Each structure stands twice: as C-alpha cells, then as structure tokens.
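What follows is a walk through one protein chain, taken a region at a time. Please keep the sequence and the model in view while reading.

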Amino acid sequence: MLLVHYHELGLKRGNRPLFLRHLARNLRQAIADLGPVNLRQVSGRLLLELDEHPDPAAVRDRARRVCGVASAALAYRVVSTVEAMKSVVAELVEGRRIESFRISARRAFKTYPLTSVELNRQLGAFVLERVATRVDLRQPELEIHVEVMPAETFVYVDPEPGPGGLPVGASGTVAALLSGGIDSPVAAWRMMKRGCRVVFVHFHSVPYLPPTSQAKTRALVERLTEWQYDSTLVLVPFGEIQREVVLTVPPPARVVVYRRLMVRIAGALARKHGAVALTTGESLGQVASQTLSNITRIDEAATMPILRPLIGMDKLEITDEARRLGTFEISIEPDADCCTLFVPKHPATRMSEAEVGAVEARLEIPRLVAAGCDGASVEVFAFPA
Ligand code: ATP
Ligand code: MG
C-alpha cells in the first residue's frame, strides 16, 4: 500500500471533505499513467492499494510531489493482531545490521486493547530477541512505524516527506506573471502549494527580440505542470507596446509603466481564464522596480489583488528553492527577455502617483491593453504527458 498523510491544520471541519476530494483527484491524476490504482480514505489518511502494481516506488515518488501531501510511505498491511504485526516487523529487520531502532506505534482509534506504549514495548522486545541491536528513541537508525486502524494495521519505514500545503484547486485560480527569470517560477509554485491552480502569462518581445524567452517559459511551465497536471500558458506580444512607451515616456519611468501595463493586460487575461488574482516573483528591494514605492504604483494599476509570495525572501532563499524545483537550470539559460528591451540603466525607485499618471496620460492605455489581449496566444501543457 501507499500510505499518504496530509496536513489538515487550519482546516475547518466543513472544508475537509472538499479538501480531500481535491487531494484524491490530484493523486489519481499524478499517477494516471503508472497503472490502475485503487484509492480509499481511512481515518485521516489516504491509501493507495498497490498489491498488483508493477512499480510501487514510482507511485510513491509521484505522490510525494502532490501538494497537500505531508508524507508518503510504502507500507505493509496486516490484520490488527500483535502476531501479524510481528511477522512484518520480522521481515523488516531480519538479516539486517541495524545499529539502533525504535518502534513508533499509533492508534487511529482508542478502543484497541493495547495502548501505543504497550505496542512499542511488545514489538520492541520482539526485535531485540531477533537482532543484535539497541533501542534509541532520539536518533534511531531505523524507525518502524505502526499505525493501527479499526480494521487493519500499517507497518512501514522511511516515510518520504511531501510538499505539504494544500491540494491544487482547493484555493481557486491565480494568474502568474512568468518571466524567464529565477523568481517568478518559484512564486508560481508557492501559490500552487497554497492550493491555487495557476494560469501562466508571459510577455515577450518577438519580433524585436529572438523567441528565447518563450522557449524558456515553455520549459518552465512544463516543469511546473508536474505539480498541477495541466496548465495554460498565455503568451502576450509586448514589443510593440514597449516601442510606443519608449516614444513618449522618459527612461527612468519606463519600468514602472511597463509593469503597470503588464498587470492591466494580465488582469484582463486572468479574468478570461477564471483567475481572481495575479501573482509575481517580486521581492522587496531586490531591484529598482521592486521598491515599496514602485510596488505601490504597480498595485494602483491593478484591478485584482497582486499576490507576491516571495516578498520577504532573499535571493539566496529563492535560488535554493528554484534548485529544489528544478527550475533554476532553465531560468539561468542566457536570454534576452522583454525587460532587457528598451530598459533604462537607472530606473526611478520612487515616483508619485501623479508623476506616473502624467506620463501615462501621453499613452492610449486602453488601446495598448486591448492590443496585448488581442495579440495573446494560448498553449496547453499536461502531466503526465
Ligand atoms: P524574475 O526572476 O521572476 O524574472 P526579476 O527579479 O527579474 O524576477 P523583475 O524583472 O522586476 O524581477 O520582474 C518582477 C516580476 O514581474 C517577475 O517576477 C514576474 O512576475 C513579472 N515579470 C517580469 N517580466 C515579465 C515578463 N516578461 N513576462 C511576465 N511576467 C514578467
Ligand atoms: Mg526577470
């Protein structure tokens, strides 16, 4: 069996069934190509039956990448008698050199005739009779978990941690502004981990720049789709819009004006795709466009909330997370993204609302926003492919 534990912290009683429906659906989808698996719920856990499965380890590895999963472990199922538990424990320890071990028994229902302490003692003594080892409760080399359910008991070692968080789909849909950079893929993943389905929006400058940023973005979306199983990527032509901005907007104000146009266009596209908020990879003070003042100016142009999951993170922390996710290697590929086109060396770090309003008055904002939306093209991605 694969025994899946989930986080339910902070979940109100009434939401739990919905949360579980999302989690079960996502688990099924994550392993869809690995063969048929029966899935059921048992007191605070999900169970995937793998007796006949050709590759249980592959199922576990997929499951531990499903948001909402706290841990996943390949487990033996036995009837809830101490004798049956002992026979599995024997199989786990026999013929092994184990420096130290512990038994960690838990009862999912309290009417079982033995307490978990008694189970630990009986099974621990049983191990000591068979192998030359010792008990170490603090740092055992081998921890044998025993979970007693009403009708069955699960015995396992080495539970693999999952990402935790909430299952994708449980929190609604957001649109992530995805550049080819390091930060925005991490931000998108953070939103997935909080239960959001993410629609991706990328602004490119083809034909003013080569299509490398689109290729990188596709590779990033492909990687991130492994966490949400199907994705939509909206590609927005931005070069022509930037060219118009350059004609009238003085260099220091351009970055904020670009960003304000991006959030307006992304907001309109987000709505079309059922998203109710935007998300970006901004981190406070990381670059000139991400000062508190500029972030305020960007928010003023938005028509829906902009969520910035990385706002308090350092570049190093973000980079570490990008490495864990496997997006880092893609992000550092050389590329000329639209933000390198027509971008001044010294962007303003502080502009008032009136100053931005004055420069934007020279632009036909609604026409530019409509041009971005009309020129957008959509691509879809699926995992497992
Ligand atoms: P990243 O590493 O995500 O590119 P960054 O450190 O380069 O971020 P900025 O260039 O200021 O920072 O971009 C801030 C945010 O604006 C990005 O995290 C991303 O969400 C969004 N963004 C920037 N450029 C684009 C683009 N071409 N398409 C879509 N979103 C973009
Ligand atoms: Mg960038």
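A convenient place to enter this predicted model is Ile103, which sits in strand E5, residues 100–107. Ile103 is buried because its relative accessible area is 5%, below the 20% cut-off. Setting aside residues up to four places away in sequence, Ile103 touches Asn120, Leu123, Gly124, Val127, Ile144 and Val146. A separate distance places Ile103 relative to Ser116: the two are 13 residues apart along the chain, and their C-alpha atoms are separated by 9.6 Å.

One of the residues touched by Ile103 is Leu123, and Leu123 is also in contact with Lys86. Lys86 belongs to helix H3, which spans residues 82–93. Is Lys86 buried or exposed? Its relative accessibility is 18%, so Lys86 counts as buried, the limit being under 20%. Apart from neighbours within four places in sequence, the contacts of Lys86 are Gln122, Leu123 and Phe126.

Another buried position is found in strand E2, residues 38–42, where Leu39 is located. Leu39 has a relative accessible area of 12% and is therefore buried. Beyond four places in sequence, the residues in contact with Leu39 are Ala24, Leu27, Arg28, Leu46, Leu47 and Leu48. Leu39 and Leu2 are 37 residues apart along the chain, with 9.3 Å between their C-alpha atoms.

With these local sites placed, the chain as a whole can be described. Its secondary structure comes to 13 helices and 15 strands. The C-alpha atoms fill a box of roughly 85 × 40 × 35 Å along the principal axes. Of the 385 residues in the chain, 52% are buried. If contacts are taken between residues at least 6 apart in sequence, 79% of them join residues at least 24 apart.

A pair with a wide sequence separation is Thr212 and Glu333: they are 121 residues apart in sequence, while their C-alpha atoms are 9.2 Å apart in space. Thr212 is in helix H6, residues 212–225. With a relative accessible area of 33%, Thr212 is partly exposed, because that value falls between the 20% and 50% limits.

The backbone around H6 has two features to note. Ahead of H6, the loop between strand E11 (196–204) and H6 holds Pro207, and the peptide bond from Val206 to Pro207 is cis, with omega near 10°. On the other side, the loop between H6 and strand E12 (230–237) contains Tyr229. Tyr229 has a positive phi, near 75°, and is not a glycine. Tyr229 is also buried, as its relative accessible area is 2%. Most residues other than glycine have a negative phi, and most peptide bonds are trans.

Similar features occur elsewhere. A cis peptide bond joins Phe383 and Pro384, with omega about -10°, and Pro384 lies in the segment after strand E15 (377–382). Asp158 has a positive phi near 55° and is located in the loop between strand E8 (153–156) and strand E9 (160–161). Asp158 counts as exposed because its relative accessibility is 55%.

Asp158 leads on to the second largest pocket, since it is one of the lining residues. The rest of that lining is Met1, Leu50, Asp51, Pro56, Arg60, Leu74, Ala75, Tyr76, Arg77 and Val157. The space in this pocket is about 220 Å³. Which elements each supply at least two residues of the lining? Helix H2 (56–63) and strand E4 (69–78) do, and E4 gives the most, with four residues. By class, the lining has seven nonpolar and four charged residues, and no polar ones.

The last stop is a helix pair. Two packed helices are described by the angle between their axes and the distance between the axes. For helix H8 (residues 251–272) and helix H9 (residues 292–301), the angle is about 35° and the axes are 8 Å apart. The crossing of H8 and H9 is right-handed. On the H8 side, the contact is formed by Val256, Arg259, Arg260, Val263 and Arg264, which meet Asn294, Arg297, Ile298, Glu300 and Ala301 in H9. By class, this contact has four nonpolar, one polar and five charged residues.

Conventions:
Residues numbered from 1 in each chain as written. Chains lettered and ligands numbered in written order. Predicted model: local features only at pLDDT ≥ 70, side-chain atom pairs only at ≥ 80, totals over all residues. Heavy atoms only, no water. 1 Å grid on protein atoms, 1.4 Å probe; cavity = no way out; pocket = protein on both sides within 12 Å on 5 of 7 lines; lining within 4 Å. Points joined across faces, edges and corners; volume = space filled by probe spheres on them. Nonpolar A, V, L, I, M, F, W, Y, C, P; charged D, E, K, R; others polar. Axes fitted to C-alpha atoms, helices over the stretch in contact; angles between N-to-C directions. Left-handed = near helix turned anticlockwise from the far one by under 90°. Contact = heavy atoms within 4.5 Å. Buried < 20%, exposed > 50% of the residue type's maximum accessible area, 1.4 Å probe, protein only.
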